[in-house]
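This text goes through one protein chain step by step, from its overall layout to single residues. Keep the sequence and the model in view while reading.

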Amino acid sequence: MTKDEFSDFIDEYNLYAFDGLILIAHENGLIHKGIWITSTPPLEKSSDGTFAGKDEYEIFYLLDVDHFVVWSVAEIRSVKCLEQNFLGHKPGQSTTKK
């Protein structure tokens, strides 16, 4: 996938509450049910040259293996939304606890 395709998918299903159940098909053929957590920020080149610049990555929690993974969108073949609000988040409800 491209970053734009992935971003369009997140937008289309409004998965910003980090609670949508999705099916993730990885480029290596593996398929997982999981939840998209967030994108990491891209790392620009650092002043001391330590970081040469890194693309952003996507963080997922894979339900079937009880594990977090970090993948670039280039490693993902396709995504499909199975259920919005899978973890019970209601529109307008804060996702943070007070």
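How many of the 98 residues of the chain, in percent, count as buried? The figure is 30%. The model is predicted, and every value given here is computed from it.

The layout of the chain can be stated briefly. There is 1 helix, and there are 5 strands. Along the sequence they follow the pattern α-β-β-β-β-β, with the helix, α1, at residues 3–13. Contacts within the chain can be sorted by separation: of those between residues at least 6 apart in sequence, 55% join residues at least 24 apart. The accessible surface of the chain is about 6600 Å², and carbon and sulfur atoms account for 53% of this area.

Next comes the pairing of strands. Strand β1, residues 21–26, pairs with β2, residues 31–39, in the antiparallel sense over 5 bridges. The hairpin of β1 and β2 has 4 residues between the strands, and in this hairpin Gly29 takes a positive phi near 100 degrees. Strand β2 is also joined to β3 by 5 bridges, and β2 and β3 run antiparallel.

Gly34 is a useful residue for following both pairings. In β2, Gly34 is the bridge partner of Ile22. Gly34 also stands opposite Leu62 in β3. In space, Gly34 lies 9.2 Å from Asp66, C-alpha to C-alpha, although 32 residues separate the two in sequence.

Where is Asp66 placed? Asp66 sits in the loop between β3 and β4. Its relative accessible area is 57%, and because exposed means over 50%, Asp66 counts as exposed.

The buried side of the picture is the largest nonpolar core, which has 15 residues. Which of its residues touch the most other members? They are Phe6, Phe9, Ile22, Ile24, Phe60 and Trp71. The elements that each give two or more residues to this core are the helix α1 and the strands β1, β3 (58–62), β4 (67–71) and β5 (76–83).

Phe6 can be followed in detail. Leaving aside residues up to four places away in sequence, Phe6 touches Met1, Trp36, Glu58, Phe60, Val73 and Val79. One of these, Phe60, is itself among the core residues that touch the most other members. Ile22 also belongs to that group, and Ile22 is the residue whose bridge partner in β2 is Gly34.

How values were computed
Residues numbered from 1 in each chain as written. Predicted model: local features only at pLDDT ≥ 70, side-chain atom pairs only at ≥ 80, totals over all residues. Heavy atoms only, no water. Core = buried A, V, L, I, M, F, W, Y, C linked by side-chain atoms within 4.5 Å. Buried < 20%, exposed > 50% of the residue type's maximum accessible area, 1.4 Å probe, protein only. Contact = heavy atoms within 4.5 Å. Areas by Shrake-Rupley, 256 points an atom, 1.4 Å probe, with all protein chains shown as cover. Pairing = 2+ DSSP bridges.
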